[in-house]
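Welcome! Take a moment to turn the model around and look at it from a few sides. Then we can walk through it together.

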Amino acid sequence: MPGVTDRRPWRKWYGTARWQQIRQWQLAQNPLCRMCLEIDVVTEANTVDHVEPHRGDAEKFWSGPFQSLCPSCHSRHKQREEHGRVTVRYGADGYPI
């Protein structure tokens, strides 16, 4: 729409060949979900997540650090953390991690 500016221009970066190469490399190096592994659950990852939210900072976006996550962990746990909500997760032993 004319006159409307995108408040999140970095969303376009996810569609670039450069991001696809980063994503492919990350998932090849770490094919399992990091958060699931913390609780001794083996789950294939298909999402590359920025460990530290980049909030539009190009240097952080392209340089990471990155982590591999499954869709469930990315949409549930990681998004809660980024919105300042406390998420208590438990390990296989039943203790909080």
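Which residues make up the largest nonpolar core? In this predicted model, that core has 8 residues in all: Trp19, Ile22, Leu27, Ala45, Val48, Phe61, Trp62 and Phe66. Helix H1 and helix H3 (58-63) each supply at least two of them, and the largest share, 3 residues, comes from H1. A second core, separate from this one, has 6 residues, including Cys33, Cys36, Leu69 and Cys70. As general background, nonpolar side chains in soluble globular proteins tend to be buried together.

Now for the overall layout. The protein chain has 4 helices and 2 strands, and along the sequence they follow the pattern α-α-β-α-β-α. Of contacts between residues at least 6 apart in sequence, 54% join residues at least 24 apart. Here are some overall values for the chain.

| Property of the protein chain | Value |
|---|---|
| Buried share of the 97 residues | 28% |
| Accessible surface | about 6,900 Å² |
| Share of accessible surface belonging to carbon and sulfur atoms | 52% |

Two residues make good places to zoom in. Val48, a member of the largest nonpolar core, touches Trp19, Arg23, Gln26, Leu27, Phe66 and Gln67, leaving aside residues up to four places away in sequence. Among these partners, Trp19, Leu27 and Phe66 are also listed in that core.

Thr47 is found in strand S1, which covers residues 47-50. What does the side chain of Thr47 make a polar contact with? The partner is the side chain of Asn46, at 3.0 Å. Again leaving aside residues up to four places away in sequence, Thr47 touches Leu27, Gln67, Ser68, Leu69, Pro71 and His74. Leu27 and Gln67 are on the list of residues touched by Val48 too, while Leu69 belongs to the second core.

Finally, have a look at the outside. Leu32, Leu37 and Val42 form a nonpolar patch on the surface, and together they have about 260 Å² of accessible area. To find Leu32, follow the chain into the loop between helix H1 (17-29) and helix H2 (34-38). Is Leu32 buried, partly exposed or exposed? Leu32 counts as partly exposed because its relative accessibility is 32%, and the partly exposed class runs between under 20% for buried and over 50% for exposed.

Methods:
Residues numbered from 1 in each chain as written. Predicted model: local features only at pLDDT ≥ 70, side-chain atom pairs only at ≥ 80, totals over all residues. Heavy atoms only, no water. Patch = residues over 30% accessible without salt bridge, like charges linked within 9 Å, V, L, I, M, F, W, Y side chains within 5 Å. Areas by Shrake-Rupley, 256 points an atom, 1.4 Å probe, with all protein chains shown as cover. Salt bridge = Lys/Arg side-chain N within 4 Å of Asp/Glu carboxyl O. Buried < 20%, exposed > 50% of the residue type's maximum accessible area, 1.4 Å probe, protein only. Contact = heavy atoms within 4.5 Å. Core = buried A, V, L, I, M, F, W, Y, C linked by side-chain atoms within 4.5 Å. Polar contact = N/O pair within 3.5 Å; in protein donor to acceptor, adjacent residues only side chain to side chain.
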